Amino acid sequence: MTPSTISTDARNTFESTVGGYTVGGRAHSLSAWFVLALRLMMGYAFAYSGFTKIVAAEPFSAGGYLSNVAATNGNPLAGVFAWMGSTPWFVEFANVAVPWGELFIGLGLLVGAVVRLAAFFGALMMLTFYFGNWDIAHGVINGDFAYMLVFLAVAAFGAGRILGLDASLETYEVGGEALIERYPVLEYVLG
């Protein structure tokens, strides 16, 4: 296809209905490059953040953050964060889940493998950071909230299919049938 036919191709249109409201639009042919850039940007940021926590001279510890951050900023979930910070098994879980989760989410996005699943967990982490870093002095939107939306956009646009391994994984044949056709539930984690 030439660039002029790509922009009028039906694949560049999207529509969704939620709660009786339908929205739709048509993406520009360059949109794939911007979605790829968002995927790679978030992949690098998370892989780097996780890697630096793992190789740091001092082991990563989430306990102080969980115990103290939410109590100081008027956070509506201050009690939840206090519970997380005072529960030893949860702190130990967070000490492993945060750095390794960031690393694996980042690597998944960088290579474009299991992108929807990686983006879901990235968005979940950013939602947790959003409430942990609660500050509405300038409104309810902050960087953590914006990054959460970037993760959701990367997932929604199936960014792993754009120069990523998900495109190959979906067409990989198992018993003469494409993986995604044989196991349709994989459509929710690949892309």
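# A quick tour of the model and its second largest pocket

Let's start at the second largest pocket: 22 residues line it, and A97, V98, M125, T128 and F129 are the ones that lie nearest its centre. What you're looking at is a predicted model, built from nine helices and four strands. Its mean pLDDT is 88, and 93% of the residues reach 70 or more. Here's the rest, topic by topic.

**The pocket**

- The volume of the second largest pocket comes to about 470 Å³.
- Four helices each give at least two residues to the lining of this pocket: α3 (63-68), α4 (78-86), α5 (88-111) and α6 (115-132).
- Which helix supplies the largest share of that lining? The answer is α5, with eight residues.
- Sorted by class, the lining of the second largest pocket has 16 nonpolar residues, along with four polar and two charged ones.

**The overall layout**

- Reading from the N terminus, you meet the elements in the order α-β-β-α-α-α-α-α-α-α-β-β-α.
- The C-alpha trace spans about 55 × 40 × 30 Å along its principal axes.
- The protein has 191 residues, and 35% of them are buried.
- Take the contacts with a separation of 6 or more: 62% of them are between residues 24 or more positions apart.

**How far to trust it**

- Among the elements, α5 has the highest mean pLDDT, at 97, while helix α1 (residues 3-8) has the lowest, at 45.
- Over residues 1-8 the pLDDT is below 50, and this stretch has nine contacts in the model beyond near neighbours in sequence.
- Where pLDDT is low, the predicted coordinates shouldn't be read in detail.

**Helix α4, one of the pocket helices**

- Which residues of α4 are buried? They are F81, M84 and G85.
- Looking down the axis of α4, you'd find these buried residues within an arc of 95°, so they line one face of the helix.
- G79 and S86 sit on the other side of α4, and both are exposed.
- The cover over the buried residues of α4 includes α3, α5 and α6. Those three helices also each supply at least two residues of the pocket lining.

**M148, a buried residue in α7**

- You'll find M148 in helix α7 (residues 143-156).
- Is M148 buried or exposed? Its relative accessibility is 11%, so M148 counts as buried.
- Apart from neighbours within four places in sequence, M148 is in contact with A123, M126 and L127.
- From M148 to V18 the distance is 20 Å, C-alpha to C-alpha, with their positions 130 residues apart in sequence.

**Two loop residues with positive phi**

- V114 is in the loop between α5 and α6. Its phi is near 55°, a positive value in a residue other than glycine.
- With a relative accessible area of 30%, V114 is partly exposed.
- L163 isn't a glycine either, yet its phi is positive, at about 50°. This residue lies in the loop between α7 and α8 (165-171).
- How accessible is L163? Its relative accessibility is 66%, so L163 counts as exposed.

**Two exposed residues to look up**

- V18 is in strand β1 (residues 13-18), and it's exposed, with a relative accessible area of 61%.
- Going from V18 to V114 takes you 96 residues along the sequence and 25 Å through space, C-alpha to C-alpha.
- F34 has its place in helix α2 (residues 31-55), and it's exposed too, with a relative accessible area of 58%.
- What separates F34 from V154 in sequence and in space? They are 120 residues apart in sequence and 10.0 Å apart in space, C-alpha to C-alpha.

Note on methods. Residues numbered from 1 in each chain as written. Predicted model: local features only at pLDDT ≥ 70, side-chain atom pairs only at ≥ 80, totals over all residues. Heavy atoms only, no water. 1 Å grid on protein atoms, 1.4 Å probe; cavity = no way out; pocket = protein on both sides within 12 Å on 5 of 7 lines; lining within 4 Å. Points joined across faces, edges and corners; volume = space filled by probe spheres on them. Nonpolar A, V, L, I, M, F, W, Y, C, P; charged D, E, K, R; others polar. pLDDT = per-residue confidence, 0-100. Contact = heavy atoms within 4.5 Å. Buried < 20%, exposed > 50% of the residue type's maximum accessible area, 1.4 Å probe, protein only. Arc of directions from axis to C-beta.
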